[in-house]
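Me: I have a model open and want to go through the helix packing. Can you walk me through it?

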Amino acid sequence: MKWYLVASLLTILTSSQGILTTLSQTNGKYKYDYATIPFLAEVFKLIVSSVFLWRERKKSPPPKMTTDWKSVRLFPIPSVIYLIHNNVQFATLMYVDTSTYQIMGNLKIVTTGILFRLFLKKKLSNLQWMAIVLLAVGTTTSQVKGCGEASCDSLFSAPIQGYMLGILSACLSALAGVYTEFLMKKNNDSLYWQNIQLYTFGSIFNMARLVVDDFRGGFEKGPWWQRLFNGYSITTWLVVLNLGSTGLLVSWLMKYADNIVKVYSTSMAMLLTMVLSVFLFSFKPTLQVGFIAVV
């Protein structure tokens, strides 16, 4: 499969991610436990990767599969980072609209560029650095209220908690992405075998999060497996499918392309998200938001 086809599909899935998550809310709140979404997405990715590895092993020669503990022990790290990121993502969408969320997500390009240079020792051209700086400035100015807006009590157009969570989400996404690329390109192992290791730990850690929530809540709502699908709707299942499919596409790009392709393809989703939000949520983009989306 060509990388640009995967990147295009990733753009479509990313643009619909925030929209589906918002549509799954009822009166601005989640009727379901949003911690179950990442868990089910990890299980979905694990099942899909296992099926593809099973098919790959029937071919000759068989795929390379490193089982050395020194290699396997590296995979829990991105799983923990993605666990935190996925939950921060849901919390962020309780404070900001989908277009703002998508625009703030572009900050991951800035953090990815820096981490690219620091950890993977990959150099970016002066033009790429200039684009990164312009994107950071544009993302910030897009959230500043215009002088003609009704309320001037706050400088920004959304609660400060939303911006803090959005920045944290971008940093976590970049860190997980760069580390995952390092793992994927560390050897010539089968992509599906690497995915199985990544998603096995991801499923375990997400399940552990649900167990911890049970103990913290005193099992008031029963054990997590009994309330796993409580409050689920068709839209909620689409969120699970979207998150799982996005993860599979990202792992492919990490293996055969790089993080820069990934973050730019997801950033292309910003304009599509803004347009769809206008029709679905009566979103009225400001001049700043429209400018940064077009740029």
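**Helix packing and a buried lysine**

Reply: Helices α8 and α10 are oblique to each other, a class for angles outside under 35 degrees (roughly parallel), over 145 (roughly antiparallel) and 65 to 115 (roughly perpendicular). This is a predicted model, where local features need pLDDT of at least 70, side-chain atom pairs count only at pLDDT 80 or more, and totals for chains, interfaces and linings use all residues. Residues are numbered from 1 along each chain as its sequence is written, and side-chain values use heavy atoms, with hydrogens and water left out.

Me: At what angle do α8 and α10 pack?

Reply: About 60 degrees, with the axes 8 Å apart. Axes are lines fitted to C-alpha atoms, for helices over the stretch in contact, and angles run from 0 to 180 degrees between N-to-C directions. α10 covers residues 234–256.

Me: Is that crossing left-handed or right-handed?

Reply: The α8 and α10 crossing is right-handed. That means the near helix is turned clockwise from the far one by less than a right angle; anticlockwise would be left-handed.

Me: And how do α4 and α8 cross?

Reply: At roughly 155 degrees, and their axes come within 9 Å. α4 is residues 76–92 and α8 is residues 160–184. That angle makes α4 roughly antiparallel to α8. The crossing of α4 with α8 is left-handed.

Me: What kinds of residues make up that contact?

Reply: The contact of α4 with α8 has 14 nonpolar residues, eight polar and no charged. Nonpolar here is Ala, Val, Leu, Ile, Met, Phe, Trp, Tyr, Cys and Pro; charged is Asp, Glu, Lys and Arg; the others, Gly among them, are polar.

Me: Different topic. How many helices and strands are there?

Reply: The protein has 13 helices and zero strands. Both are DSSP runs numbered from the N terminus: H or I of at least four residues for helices, E of at least two for strands.

Me: What does UniProt list as "transmembrane region"?

Reply: The unreviewed entry lists several stretches, including 74–95 and 196–212. Such annotations may be inferred rather than shown by experiment. In the model, residues 74–95 are 77% helix, with end C-alpha atoms 34 Å apart. Residues 196–212 are 100% helix, and there the end C-alpha atoms are 24 Å apart.

Me: Now K45. Buried or exposed?

Reply: K45 is buried, at 8% relative accessible area. Buried means under 20%, exposed over 50%, partly exposed in between (1.4 Å probe, protein chains only). K45 sits in α2, residues 36–57.

Me: Which side chain does K45 contact?

Reply: The side chain of E42, through a polar contact of 2.9 Å. A polar contact is a pair of N or O atoms within 3.5 Å; within protein, one must be able to donate a hydrogen and the other to accept it, and residues adjacent in sequence count only if both atoms are side-chain atoms.
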